[in-house]
Amino acid sequence: MPQLAIAKEFLSEYSKLEKPVQKAVQAALGKFAQATHAGLHLEKLNRAEDPRIRTIRINQFYRGVVLAPASGDLYCLLRVLPHDEAIAWATTRLFTVNQVLGVLEMRDETRLQNMAGTLRLAAEATPARLFDHVQDSDFHTLGIDDQVLPIVRLLTREAHLDALQHMLPSLQYDVLVALASGMSIEETWEEVSKHLVDAAKPDQVELDDLSAAIERTPEQVALISGPEELEKLLRPPFALWRIFLHPMQRRIAYHGPYSGSVMITGGAGTGKTVTALHRAAHLARLYGSGAPILLTTYSHPLTAELARQLNQLIESPEERDRVEVITTSELASSVVGDRHGGHPEVLASRELVTLADTVHPDYAGEFLVDEWEQVLLAQEITTLEEYLAATRAGRRQALPRLERQSVWAAVEELRTQLSNRGCWSVLQLADEAARILRQENGPAIYQHIIVDEAQDLHPAQWRLLRAAVRPGEDDLFLVADPHQRIWQHRVPMRSTGVNIVGRTQRLTVSYRTTEEILNWAVRVLGLVSEEDLDGWPDSREGYESLMHGRRPIVRRFAEWSEEMTAVVSQVRTWLADGVEPGAIAVVARVKAKADDVADALRSAGVQSEPPGPSGGRVQVGTMHSMKGLEFQCVAVVGVQDRVVPHDRAIVPAEIDMTAHLESLQRERCVLYVACTRARDRLYVSYSGAPSPFLPR
Ligand SMILES: Nc1ncnc2c1ncn2[C@@H]1O[C@H](COP(=O)(O)OP(=O)(O)OP(=O)(O)O)[C@@H](O)[C@H]1O
């Protein structure tokens, strides 16, 4: 029975082909998948470096490049390119199985041989070599093969190594870069092992067993089980993440049972959500009976997106039905609704503040709500005595102990008014639901809970989730980036009630953005101290992107009106370059500025919409509203002093220094989140003095 495999490179270029060419590709691939490829003419090439390379006709102009071993029945589709390009690519490439690492490797053999000649000449003039300090045996241990080693021994400068980047097998190139940058053999091995399926060398490697090698290279090539899978894979939106997982993502998501709660951290765009989705799919497949699985986060737009992606990932309706995708608020609502009857009505935060404004002449609604949520509900304070004894670290406003009595009375009044209206606040509802579950101590609602964006949960939401699943194997799978904490006050890891000791993992490769944008955006975060992390695992070391692109543009203007004119013109340039309107976002720290931009765009004939499931228009919104989203091009505007950080979000230093620093760090995170939404292009502008967070 013939087997079909496809390379990631093919799938990314397939999505860019015109519809008729895509149809022709589907027809050709369908024949492979249905094992009727005998009708396809696999054309052998004269002078090909790899005797197993064939091409197939897609249409008059395009050809597919296929790796077809002499024995066995595996066909691997590598590229689909215009005719001449396909032939040129196919004749120069050589595929091998790495003897030590067992992965499938590709090299540009023709250019590599030419390069060897040039390097030999350069080496004759220089006795010292770049890798004099590395023994042959160490190279072998790290997977450098006998064909590459003689070339490596000719290298005299790092620039020569750079020149080999697109010729060498990628993992061997990574090894050489690590060694050249001064890493020890052990450190280099640690880097390499991240790319191996079991983080270890395979026991035995058969050099002509392509199927086994493909299974060890899940980042690059995928075996297709049959025509249905193929059909699904090629259906838009060509989701690469469904098939090609980084070995680390795969190891984490498809791990056997974890003995307790697990936390996965990683910088923006490292595929944390993707890993959470795969874990949900894995658990749904493993655990057929019993309580359902919950996939959750704090906001509805984010759960809507999670549900949409999960629908793409899980094919079996029964397995899909095992995973409930709802917000923590919806969970709270259903628990409280079940016990108190009816559907609890929740007051939106703005209405809550308006109501709180009316309860006491001396206290602003915002202050009372903040005190209730961030002190009382956060610390689960239920009596005045507890409140009088509570710490108020991190509050915006000092509060003499004597005054707490009247604040307590005002919050009580707010609660009474809410209750008279038959309403709840979001966090009050979470607190109540957690209390009910803990009191009942009944069977767990969920067998497993998977949480995305866990860094933004409030303590009441942590209590709710903790109570909704019984502590034990595979109870909580948490995905977080402590550097993207933009909402709540910091919840120290020890206050979450979740024990992750010894069960933390980190993702480091960004799949979203380019190295240029990522390096710039990370500098926005400044120096993050141990205290800032408060027991949460760090997630920036080794954070990198394998993609390259343009550096972010930063522009200064004298006035907001000029800045707006410029951003409108930037959006129009992107549109003129062929970027889809829905792949463009304009982001501001405050809503008023976002509204100004939306108006300016409208006047220029460009329609926009708020962030969310795209209706195909340019999206304009606040930095907070962009959480979890991504766009090809992002413009972040109004990044000036006193706006970023936003004056009102900063706790004055004279009130509480720790809280002041914390609030500053959170504002850095907000800007970091906004900038890391960009895949290819990032444009940043400000009027007057720049934000102190902008990298120099
Ligand atoms: N293995 C993969 N192959 C291809 N694309 C991937 C892979 N993993 C993630 N991606 C893509 O990278 C982008 C970022 O992934 P994801 O949203 O999961 O990252 P994240 O870490 O949750 O990001 P953030 O914290 O910024 O919200 C998405 O477009 C996703 O489809």
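In strand β14, I449 is the bridge partner of L294. This is a predicted model: local features need pLDDT of at least 70, side-chain atom pairs count only at pLDDT 80 or more, and totals for chains, interfaces and linings use all residues. Residues are numbered from 1 along each chain as its sequence is written. Helices (H or I, at least four residues) and strands (E, at least two) are DSSP runs, numbered from the N terminus.

**The parallel sheet**

Strands β10 and β14 (residues 448-451) run parallel and are joined by 4 bridges. On β10 (residues 293-296), 3 bridges lead to β11, again in parallel, and L295 stands opposite V325 of β11. Two strands count as paired if DSSP finds at least two bridges between them. The side chains of β10 alternate: I293 and L295 point one way, L294 and T296 the other, and all are buried. A residue is buried if 20 or more other C-beta atoms lie within 10 Å of its own, exposed if 12 or fewer, and partly exposed in between, with C-beta atoms placed from the backbone.

These strands belong to an open sheet of 6 strands in the order β11-β10-β14-β15-β9-β16, with parallel pairing. Its edge strands are β11 (323-325) and β16 (504-507), each of which pairs on one side only. From one strand to the next the twist averages 15°. Helix α15 (residues 300-313) lies across β10 and β11 and runs at about 145° to β11. Axes are lines fitted to C-alpha atoms, for helices over the stretch in contact, and angles run from 0 to 180 degrees between N-to-C directions. Two residues are in contact if their C-beta atoms, placed from the backbone, lie within 7 Å.

**The mixed sheet**

Another open sheet of 6 strands has the order β2-β3-β4-β5-β1-β8, and its pairing is mixed. Its edges are β2 (43-44) and β8 (221-224); each has a single partner strand, so one side of each is left without a neighbour in the sheet. Strand β1 (residues 3-7) runs antiparallel to β8, and 4 bridges join the two. In this pair A7 stands opposite V221 of β8. Helix α3 (residues 83-92) lies across β3 (53-57), β4 (62-67) and β5 (74-82), running at about 135° to β5.

**The ligand shell**

The ligand is surrounded by 21 residues, of which A268, G271, K272, T273 and Y511 are the closest. Two elements give two or more residues to this shell, α12 (240-243) and α14 (272-286). Helix α14 gives the most, with 3 residues. A residue is near a molecule or strand if its C-beta atom, placed from the backbone, lies within 6 Å of it.

**Helix α26**

Helix α26 (residues 560-576) has 17 residues, which at 1.5 Å a residue should span 24 Å; its end C-alpha atoms are 24 Å apart, which agrees. The expected span is 1.5 Å times one less than the number of residues. Buried in α26 are E563, M564, V567, V568, Q570, V571 and W574. These residues cover an arc of only 160° around the axis, which puts them on the same side of α26. The arc is that of the directions from the helix axis to the C-beta atoms. An α-helix has 3.6 residues a turn, so residues three or four places apart point the same way.

The cover over the buried residues of α26 includes β19 (553-557), β20 (584-588), α27 (591-603), β22 (618-622), β23 (631-637) and β24 (678-687). On the face turned away from the buried side are the exposed residues S561, S569 and A576. After α26 comes G578, whose phi is positive, near 100°.

**Backbone angles in loops**

The table lists residues with positive phi.

| Residue | Phi | Place |
|---|---|---|
| N441 | near 45° | loop between α22 (426-440) and β14 |
| R642 | about 75° | loop between β23 and α28 |

N441 counts as exposed because it has 7 C-beta neighbours inside 10 Å. R642 is exposed too, with 12 other C-beta atoms within 10 Å. The loop between β23 and α28 (657-675) also holds P645. The peptide bond from V644 to P645 is cis, with omega near 5°.
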